[in-house]
Amino acid sequence: MYFHGTSKVNNKGHLEIGGVDTIELANQYGTPLYIYDIALFRERARDFQKTFQNLGVQAQVAYASKAFSSVAMFQLVKEVGLSLDVVSGGELYTALVADFPVERIHFHGNNKSEEELEMAVKNKIGCVVVDNFLELSMLNEICEKHDYMMPVLLRVTPGINAHTHDYILTGQEDSKFGFDLQSGQAHEAMKIAFSASNLDLLGIHCHIGSQIFETTGFKLAAGKLFETLKDWKETEGFEARVVNLGGGFGIRYTKEDTPLPASVYVEEIIADVKAFVTDHALNMPEIWIEPGRSLVGDAGTTIYSVGSKKEIPNIRHYLAVDGGMTDNIRPALYQAKYEAVLANRVNDVADDKVSIAGKCCESGDMLIWDLPLPKANHKDYLAVFCTGAYGYAMANNYNRITRPAVVFVEDGEAQLVIRRESFEDLVRLDVPYQSKSKVTK
Ligand SMILES: Cc1ncc(COP(=O)(O)O)c(C=O)c1O
């Protein structure tokens, strides 16, 4: 059994996180319940920050808030000194409510609306990562209107797709994001941004994929970006002050996953970058990264109540829980794999093999297949590990199931940071039907 962070078994045989008994949390806040191990999040953030400090490299580590966003989360991100990457007006609004320092907010997205760009400009955020030509002109116009100079990065697609151990090199990347390098699109965008009246072009950005366990893909991408910058310096006299290498650092969901420590990812990439910069007499730019999953993924655990069972002889044992694809759509969407234990009987022998079903009217609503577990019954609790990233963030109300509560735990204390959605919340946006029927009773 593998425990992350402060997770351990207490003397009652219960799973404890942050010094708090998860069964007591389940009783107090109900299930499904998302629990975040705040000490582990702090450690993950510190690992990235310290590595850059030790290497003497000016850097910003931005939390990719799409992984999990809430007011409390953003306040925590501010407290630990990370920057913040947002991708929508909604995430930006949440950051503003959390009183997040605007100069450390970076705004991403492949189709930002005029309203969203206006919101970014009015609030003088730290940087807009510009994704396309429409955005370049729209943003410059909005900045002119507000007499504001917006720092920008250009998102480019370097032609490297990476996922876990694989990376794919494509001459011309088929992606909805960013300016293509190969066709000259990125160069064109650079010339426009560099000469735009109200854009301060800081440099370039790329993001090559997710759940990446090797440094090869990152190093290839960095190499392409720096080659490009060398070219832009020679041809246009533009020298980047910032290079953003995105997120995508892998985490351990199951024993099949073999991520590297944060320090190794950063050290290996920076070694290549430093060598390139020295060899080509470029100024060392500030390096930005934007991890999401590797900051919050393993800090999150979901507790479910066990409900019904279906045992099909010689075929499969199904065990249903009181959540599923509404609170964690990743298994249904990406065949994502997780490990889990019975939170109230962690030490019991795993003498059964069960497949964990959600409660939605959808056959694909399965959380885990073929999980070794003690024989479980109604009223047992299941703890699914590593659900902190893209879990709650992707929660939905399919079947009008309410979204779970979220608690932060640290030093023996728990605090509710997102309350459980109620049935009243579910109908809050509904507008009653006005009948046009002529039929009267
Ligand atoms: C542009 C960008 N940056 C950062 C991230 C965060 O990736 P991860 O959570 O895998 O670190 C993503 C994820 O989709 C992204 O699209």
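Biologist: Which residues come nearest of the 16 around the ligand?

Modeller: Ala64, His207, Gly247, Gly292 and Arg293. To count as near, a residue needs its C-beta atom, placed from the backbone, within 6 Å of the molecule. This is a predicted model, so local features need pLDDT of at least 70 and side-chain atom pairs pLDDT 80 or more, while totals for chains, interfaces and linings use all residues. Residues are numbered from 1 along each chain as its sequence is written.

Biologist: How do the residues of the shell around the ligand divide into nonpolar, polar and charged?

Modeller: Five are nonpolar, eight polar and three charged. Here Ala, Val, Leu, Ile, Met, Phe, Trp, Tyr, Cys and Pro count as nonpolar, Asp, Glu, Lys and Arg as charged, and the others, Gly among them, as polar.

Biologist: What makes strand E22 mostly covered?

Modeller: Five of its five residues, 381-385, are buried. Buried means 20 or more other C-beta atoms within 10 Å of the residue's own, with C-beta atoms placed from the backbone. Tyr381, Ala383 and Phe385 point one way, Leu382 and Val384 the other way, and all are buried.

Biologist: How do you know that E17 and E22 pair?

Modeller: Pairing takes at least two DSSP bridges between the strands. E17 (residues 300-312) has five to E22, running antiparallel, so the two strands pair. One of the bridge partners is Phe385 in E22, for Thr301.

Biologist: And over how many bridges do E19 and E22 pair?

Modeller: Three, in the antiparallel sense. In E22, Ala383 is the bridge partner of Val341.

Conventions. Buried ≥ 20, exposed ≤ 12 C-beta atoms within 10 Å, placed from the backbone. Helix = DSSP H or I, 4+ residues; strand = E, 2+ residues; numbered from the N terminus.
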